[in-house]
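Before this entry is discussed further, please look through the sequence and the coordinates together. My comments are set out afterwards as numbered points.

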Amino acid sequence: MTFLEFLLLLLVLYYVGYVLLWILLDCNVALWYKSRFGVSLSSMRGQVVWITGASSGIGRALALSLARHGVKLVLSARRLEQLEQVQEECLAAARGLLATKDVLVIQMDMLDLDEHKTHLNTLLNHFHRLDVLVNNAGRSQRASWTEVEIEVDRELFELDVFSVVHLSRLVVRYFVEQNGGRGHIAATSSIAGFSPVPFSPTYCAAKHALNAYLLSLKVEMRKLDVSLFAPGPIATDFLQEAFTGAQGEKVGLSTANQKRMTAQRCGDLFAVALANKMDLTWCGLFPVNTLAYCARNPTLSKILAQFMTEKTLNKIREGKL
């Protein structure tokens, strides 16, 4: 075997191994690597992290994961009773690393933009600092493209995009004034934010828009850390509140007995992404992770489109395949 043939063999083995990782792992390779060999979550101990949409699902799971490592938390959502329950769970998970004063609850409606500044001031008056904002609040959607009322498009964008941008701008201004632009803005995006899926047109568009907003922020402010975490199908109650195509309607379905990643595994991976200040990461059970990689390659996307119908893609995203 010549040296050139040896190099070619190594290259082939490298790519074969990489593709196998796409199949075997439940997140992108870089995130998996950081979860094993990256910065420990304990490095965030003492930092203040503000999580919106923290009363259930991914937000709750992320809060619990951070609490176990002594991260001070600000938990926000509309449902006060559920927030207080999450607060108790976080204190129990911290095992003495956090006191009651280290987990602050702020009842908050993301759509009430006029109150965003008040909530930020409440946080700063309590902790006198903020290190990370995690924009997790939002709603999904299930509807045919042709059946979505324009009012639904507007309402979903108001919640999933504009309210997030408004709150993030306030926090970024704080980072500029207090830390010279250093800080960390994160958001729960979706694989649908870079790989459109059927029957969620407004949601896909909203996540694409959110990604573009925050990535453009990173281009402007190099000192600022920006993290986009893009989960695939996760076992939460998000379908209960998801938009349909008609104004005022909710899907109201359960994700029980579907093939989905657990919320806690998702939250743990999100925490790793934050600790390592990763820019774009994603997670999901097979074949979601593989499809996410393919979606980021135009050639692979075209090949994939020849073999997968919208019905197949929908079964995957609903955890039925």
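The points below take up the sheet, the salt bridges, the cavity and one pocket, in that order.

1. A word on the source of the coordinates comes before anything else: this is a predicted model, and the remarks that follow should be read as a description of that prediction.

2. The sheet is an open one of seven strands, and its order reads E3-E2-E1-E4-E5-E6-E9 with parallel pairing. At its edges stand strand E3 (103–107) and strand E9 (280–283), each of which has a single partner strand, so one side of each is left without a neighbour in the sheet. From one strand to the next the twist averages 15 degrees.

3. Strand E1 (residues 48–52) deserves a separate look, since five of its five residues are buried and the strand is mostly covered. In a regular strand the side chains alternate between the two faces of the sheet. In E1 both faces are covered, with Val-48, Trp-50 and Thr-52 buried on one side and Val-49 and Ile-51 buried on the other.

4. Two of the strand pairings can be followed at the level of residues. E1 pairs with strand E2 (residues 72–77) in the parallel sense over five bridges, and within this pairing Trp-50, one of the buried residues of E1, stands opposite Val-74 in E2. E4 pairs with strand E5 (residues 183–188), again in the parallel sense, over four bridges, and here Val-132 has His-184 in E5 as its bridge partner.

5. Which residue forms a salt bridge with Asp-26? The partner is Arg-265, and the closest N and O atoms of the two are 2.9 Å apart. The pair links distant parts of the chain, as Arg-265 belongs to helix H9 (residues 263–275) whereas Asp-26 sits in the loop between helix H1 (3–24) and helix H2 (29–37), 239 residues apart. With a relative accessible area of 18%, Asp-26 is buried, while Arg-265, with 27%, is partly exposed. The count for the model comes to 10 salt bridges.

6. A second long-range contact is the salt bridge between Arg-142 and Glu-318, whose closest N and O atoms are 2.5 Å apart. This pair, too, links distant parts of the chain: Arg-142 lies in the loop between strand E4 (132–135) and helix H6 (150–179), and Glu-318 lies in the segment after helix H12 (310–317), 176 residues apart. Both partners count as buried, Arg-142 because its relative accessibility is 15% and Glu-318 because its relative accessibility is 10%. Salt bridges that share partners join Arg-142, Arg-260, Arg-317 and Glu-318 into one network.

7. The side chains of Asp-131 and Arg-129 also meet in a salt bridge, at 2.7 Å from N to O. Asp-131 counts as buried at 18% relative accessibility, whereas Arg-129, at 36%, counts as partly exposed.

8. How many cavities of 30 Å³ or more does a search of the whole structure find? The search finds one, and the volume of this largest cavity is about 50 Å³. Its lining consists of Pro-233, Lys-259, Arg-260, Leu-285, Phe-286, Pro-287, Val-288, Ile-316, Gly-319 and Leu-321, which by class gives seven nonpolar, one polar and two charged residues. Arg-260, one of these lining residues, is also a member of the salt-bridge network that includes Glu-318.

9. The second largest pocket holds about 250 Å³ of space. It is lined by Val-165, Ser-168, Arg-169, Val-172, Arg-173, Tyr-213, Leu-214, Ser-216, Leu-217, Glu-220 and Met-221, and both H6 and helix H7 (201–220) supply at least two residues each to this lining. By class, the lining has six nonpolar, two polar and three charged residues.

10. Among the lining residues of that pocket is Arg-173, which lies in helix H6. Is Arg-173 buried or partly exposed? Its relative accessible area is 48%, and because the range for partly exposed residues ends at 50%, Arg-173 is classed as partly exposed. The C-alpha atoms of Arg-173 and Met-278 are separated by 22 Å, and the two residues are 105 residues apart along the chain.

Definitions and conventions: Residues numbered from 1 in each chain as written. Predicted model: local features only at pLDDT ≥ 70, side-chain atom pairs only at ≥ 80, totals over all residues. Heavy atoms only, no water. 1 Å grid on protein atoms, 1.4 Å probe; cavity = no way out; pocket = protein on both sides within 12 Å on 5 of 7 lines; lining within 4 Å. Points joined across faces, edges and corners; volume = space filled by probe spheres on them. Nonpolar A, V, L, I, M, F, W, Y, C, P; charged D, E, K, R; others polar. Salt bridge = Lys/Arg side-chain N within 4 Å of Asp/Glu carboxyl O. Buried < 20%, exposed > 50% of the residue type's maximum accessible area, 1.4 Å probe, protein only. Pairing = 2+ DSSP bridges. Axes fitted to C-alpha atoms, helices over the stretch in contact; angles between N-to-C directions.
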